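Me: I would like to go through this structure by question and answer. Please keep the reasoning short.
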Amino acid sequence: MAALLDIRDLHLTMTTFDGVAHVLNGVALTVRRGEIWGLVGESGCGKSLTGLSISRLVPSPPANYPAGEILFEGEDVMQLPPRRMQALRGKRIGMIFQDPTTNLNPTARIGDQLIDVALAAAGHDPSVLGNAPGGGRAARALAITMLSRVGIPEPEARLASYPHEFSGGMRQRVLIAMALIGRPDLLIADEPTTALDVSVQAQILALLKGTVADHDIGVILITHNLGVVAETCSHVAVMYAGNVVERGPVAQVIGAPAHPYTRALLASVPRRETKRGELQGLPGAVPDLVRPPPGCRFAPRCPRATAACATLPKLEAVLPLHEVACYHPYLEEAALV
Amino acid sequence: MSESILEIRDVSKIYPARAGLFGRGTEVRALQNFSLAVSEGESFGLVGESGSGKTTLTRAILRLEVPTAGQILYRGEDVARLGPKALRALRARMQIVFQDPYASLNPRMTVEQIVTEPLVIHSDLMPMSKARRRERAAELLSLVGLGARHLRRHPHEFSGGQRQRIGIARALASGPDLLLLDEPTSALDVSVQAQVLNLLIDLQNRLGLTYFFISHDLAVVRYLCDRVALIHHGKLVETGPSEEIFEAPKTDYARMLIAAAPEVRVRGD
């Protein structure tokens, strides 16, 4: 069976004042149903642009895709005409963004916003509203169902509320309800809990996990919080400067990171046993994407770099399912898991 | 009694109800009988979720806000009763590093102007020639891991981590002994956060600073702070040594908060 999503060697360049920036440099990612993939990396590594590229939401220009495929159930979305893409977006591919405040219309009632999305989704697939005639009433019923499913109390009464009457966590729930209304097969969540308190974050992540279990969808969770990945995701892909440098099941990648970058990233997160003053930072800075270093882009900051790193390493399996793009991975530890 | 550098005694802050378009609102009790004491030389962490009152408390300590009731004592002196001159002198001793290094540095000023601004403001306390101020700016920059070569640059030429270092250098310029750190690393990537946290520890060891660290990130607070206070709905929930609070929390709220914080840990180990 074809994977739900298969990104193959995706390249993305952006025209800037300084020249052409090679923002994505051969991203490879495969997501199957039932999997929650964490996409992690520092700011500017291309994780959000990877997410946006899947739903073709990167404006072009400045973006340009010189190479690569994004196969959604075997069909390349890069080749789809805008109208078909429109049908896919929001219906089969749902998105949730970081800031729940700016992604809701402040002048429209929550209910109307949900009903609009439901009717639009039904326009592409009438079964969303159970093929019933008189879409409006069915859409309203669906909006109530979705709100109660994401844990909003008194959903029927809340339809008449405006976004400002909701707390940040509740607004994020509304956005999740909105993203799920068209019954998407793939959900892309870009930092969905970054703006929220930890207690609310825990609820939202539990909701996300429940949704995957109940509806057998695939999720890409874009985040910079490795704790969130460790607790929520089944798989993780680590990005550095436009490349996926390591990917695999969470237990293997977080438990026994093979790529020097993954190790450095994990070492910079304080843990319960970290003694004061013993946290390891990562020296150096992310490379200039207009003039990236040749080969492995992490090499200039890497303690293990050699002359071999001047050519770009490919993702290779160090264990079944656990792949690393590095000539000098930490294999001893990986083998122990 | 005076070993506390900062003492907060029964502080309450109530924002009165305002008559709005749709009638009277309700008053907001941002702080309710809040008390805590910070000892000289320690790192004290204040942890709370959004809306818990931690910002109101910080503003009250800086006297940007006057409490409705209670006292805030800096070395035994009530901050609210200081005259304008004494208040300015206090502000030289008590400085703040802000959360957002992108918004808290004036983009039109050079790094030298930014870092020496407190010296200019407090020139009555610490008179200095212009050349001496430049030297001092270079010293401050090297203290935070930057150098004299950065003096003439503007904030936009620096990364987030470097900007936060500039913010720290500015806070140190007037020679304070108490630093209020308002989520200084929450806008930074983890790798950069680690560098800034280590810089803060290093500076504390070298300069004997006292830190009042405001954060919602429990892992960071645990790493940096000797003692912690949890604030919720404007009330003190629990306070004590970090180790005790994190290993054996006494209240349900503390337990809930600690359980909810995601940890980098693989299940089953």
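Me: How many helices and strands does chain B have?
Reply: This is a predicted model, in which local features need pLDDT of at least 70, side-chain atom pairs count only at pLDDT 80 or more, and totals for chains, interfaces and linings use all residues. Residues are numbered from 1 along each chain as its sequence is written, while chains are lettered from A and ligands numbered from 1 in the order in which they are written. Helices (H or I, at least four residues) and strands (E, at least two) are DSSP runs, numbered from the N terminus. Counted this way, chain B has nine helices and 12 strands.

Me: What is the radius of gyration of chain B, and what does the globule rule give?
Reply: The radius is taken over C-alpha atoms, and the rule is 2.2 Å times the number of residues to the power 0.38. Chain B has 269 residues and is as compact as a globular protein of that length, because its radius of gyration is close to the value from the rule: 20 Å against 18 Å.

Me: What percentage of the residues of chain B count as buried?
Reply: A residue is buried if 20 or more other C-beta atoms lie within 10 Å of its own, exposed if 12 or fewer, and partly exposed in between, with C-beta atoms placed from the backbone. Of the 269 residues of chain B, the buried ones make up 41%.

Me: Which helices do the buried residues of α3(B) pack against?
Reply: Helix α3 of chain B spans residues 111-121, and its buried residues include Val111(B), Ile114(B) and Leu119(B). An α-helix has 3.6 residues a turn, so residues three or four places apart point the same way. The buried residues of α3(B) pack against two elements of chain B, α4 (130-143) and α5 (160-172).

Me: Which element gives the most to the side of chain B that touches chain A?
Reply: Two residues are in contact if their C-beta atoms, placed from the backbone, lie within 7 Å. The contact takes 28 residues from chain B and 32 residues from chain A. On the chain B side, α6 (190-207), α7 (218-224) and α9 (252-260) each give two or more residues. With eight residues, the element that gives the most is α6(B).

Me: Which are the edge strands of the open sheet in chain A?
Reply: The sheet has four strands in the order β2-β1-β4-β5, with antiparallel pairing. Two strands pair if DSSP finds at least two bridges between them. Each edge strand pairs on one side only, and these strands of chain A are β2 (19-31) and β5 (75-76).
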